[in-house]
Amino acid sequence: MSTTNNFPKLHNATWPGIVGKGPDSEPVIPFDDLLAYTAAAEVNGIKFDGVDIGLLDPHVDINGGRDEANRLADKVAAHNLKIGSLVAPIWAGSAMGSKESRTVFVDMVRKACQFAQRLNELGIRPYGVIRIDSSCTPADWAADPAGNTKIIAETFREACDVAADYGERLAAEGEICWGGMHSWKTMIDTLEAVDRPNIGFQADMSHTFLYLLGYNRPEDRILPENFQWDDREALTEGLRELTHALRPWTIDFHVAQNDGTVFGSGSHDKTGRHCLPNDPNGKLDIAKDAGHWLRDEQGRLTKAFNHICWDGCMFPNAVLNQQQTWNDILAALISVREAHGWQA
């Protein structure tokens with residue numbers, strides 16, 4: 001495989017070693033192991049450029065300050081990798097909770113921005129955003145859609161103002177398990193209500209795929225109820241409608257596969273099921289369908305972000321602990337870059 005493009009940079013994610021793991025599931029995969037798998041992955045001489053990191057215990061101590069950020073940078077640099085987007089551990093609070101809970105939410109964003117600032121100073125983080133969500137359920141949100149969207153937006157605005165002090169942007173990830181973000185329409189309503197220039201959308205190809213089906217909000221489904229998976233034309237039209245609405249907000253992008261179903265493990269609620277890139281049940285043509293997000297309606301590259309990341313949460317440890325898994329994932333990312341990347 002030859003390569004002509006060096007952008008967007010190709011990143012792996014570390015949070016799949018934590019999300020869906022823990023006491024009520026499989027053991028957490030150590031941060032060092034994930035870095036080693038990432039660094040060892042190679043496809044015809046091409047390697048990962050970096051990692052996106054969840055600032056989550058036990059991988060990272062969000063209260064560790066500069067010393068912890070320095071330790072994190074040293075670990076990643078030792079593998080000749082860069083750091084991109086960071087996940088703020090906002091689940092310690094909630095954007096729709098009590099005053100105290102919302103204060104904790106914003107404080108977690110502040111601490112994530114402080115980590116980002118130090119990593120930027122060290123030169124190991126040349127791009128990326130801070131990832132957030134509402135940390136509340138669609139059912140709780142549905143008790144008062146207008147009022148709860150207003151509360152979430154108020155919390156997000158406060159978090160945006162904090163992030164702006166550090167020169168950071170916040171990206172809300174579109175997962176169907178988060179209230180006010182559980183359909184493409186509620187996601188846009190929330191983003192519009194925030195009304196801050198430094199917030200955008202983090203599109204994950206697997207999670208956003210469930211927006212097409214209206215899983216947690218049937219009235220917002222795009223594909224018809226009698227849709228057949230072999231109708232590729234209808235699926236393509238659905239993706240075009242979805243991405244037309246959300247692409248202008250998109251500032252961070254996760255490459256992923258989905259089989260049209262949902263899945264949850266550990267304490268994580270059901271969301272779009274992540275599949276391996278070569279899963280025979282996968283409904284997405286990864287390289288082709290990524291283009292709906294990476295190109296505008298005229299087919300021009302948006303170049304809205306300098307890196308893309310593979311997200312594969314809630315895979316069994318037996319899968320994540322195989323080096324071939326990461327080689328296959330890297331190959332999928334390379335295919336996206338070859339189809340929709342650029343030279344810089």
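## Cores, a helix pair and two polar side chains

The largest nonpolar core has 96 residues, and Ile 53, Phe 156 and Phe 253 have the most contacts inside it. A nonpolar core is a set of buried Ala, Val, Leu, Ile, Met, Phe, Trp, Tyr and Cys residues joined through side-chain atoms within 4.5 Å. Helix 3 (residues 99–121) gives the largest share of this core, 9 residues. Another core, of 9 residues, lies apart from it, with Leu 56, Val 87, Cys 309 and Met 314 among them.

This is a predicted model: local features need pLDDT of at least 70, side-chain atom pairs count only at pLDDT 80 or more, and totals for chains, interfaces and linings use all residues. Residues are numbered from 1 along each chain as its sequence is written, and side-chain values use heavy atoms, with hydrogens and water left out. Helices (H or I, at least four residues) and strands (E, at least two) are DSSP runs, numbered from the N terminus.

Phe 156 touches, among others, Phe 105, Ile 132, Met 181 and Val 194, not counting residues up to four places away in sequence. Contact means heavy atoms within 4.5 Å.

**Gln 202 and Lys 47**

Gln 202 lies in strand 6 (residues 199–204). Gln 202 is buried, at 1% relative accessible area. Lys 47 sits in the loop between helix 1 (31–40) and strand 2 (50–54). Lys 47 is partly exposed, at 34%. Buried means under 20% relative accessible area, exposed over 50%, partly exposed in between (1.4 Å probe, protein chains only).

The table lists polar contacts of both side chains. These are pairs of N or O atoms within 3.5 Å; within protein, one must be able to donate a hydrogen and the other to accept it, and residues adjacent in sequence count only if both atoms are side-chain atoms.

| Side chain | Partner | Distance |
|---|---|---|
| Gln 202 | Asp 252, side chain | 2.7 Å |
| Gln 202 | His 254, side chain | 3.5 Å |
| Lys 47 | Ala 39, backbone oxygen | 2.7 Å |
| Lys 47 | Ala 41, backbone oxygen | 3.4 Å |

Beyond four places in sequence, the contacts of Lys 47 include Glu 42 and Leu 330.

**Helix 8 against helix 9**

Helix 8 (residues 232–246) and helix 9 (residues 286–294) pack at about 30°, their axes 8 Å apart. Axes are lines fitted to C-alpha atoms, for helices over the stretch in contact, and angles run from 0 to 180 degrees between N-to-C directions. The two helices are therefore roughly parallel, a label for angles under 35 degrees. Leu 239 and Leu 242 are among the helix 8 residues that meet helix 9, whose side of the contact includes His 292 and Trp 293.

Key. Parallel < 35°, antiparallel > 145°, perpendicular 65-115°, else oblique.
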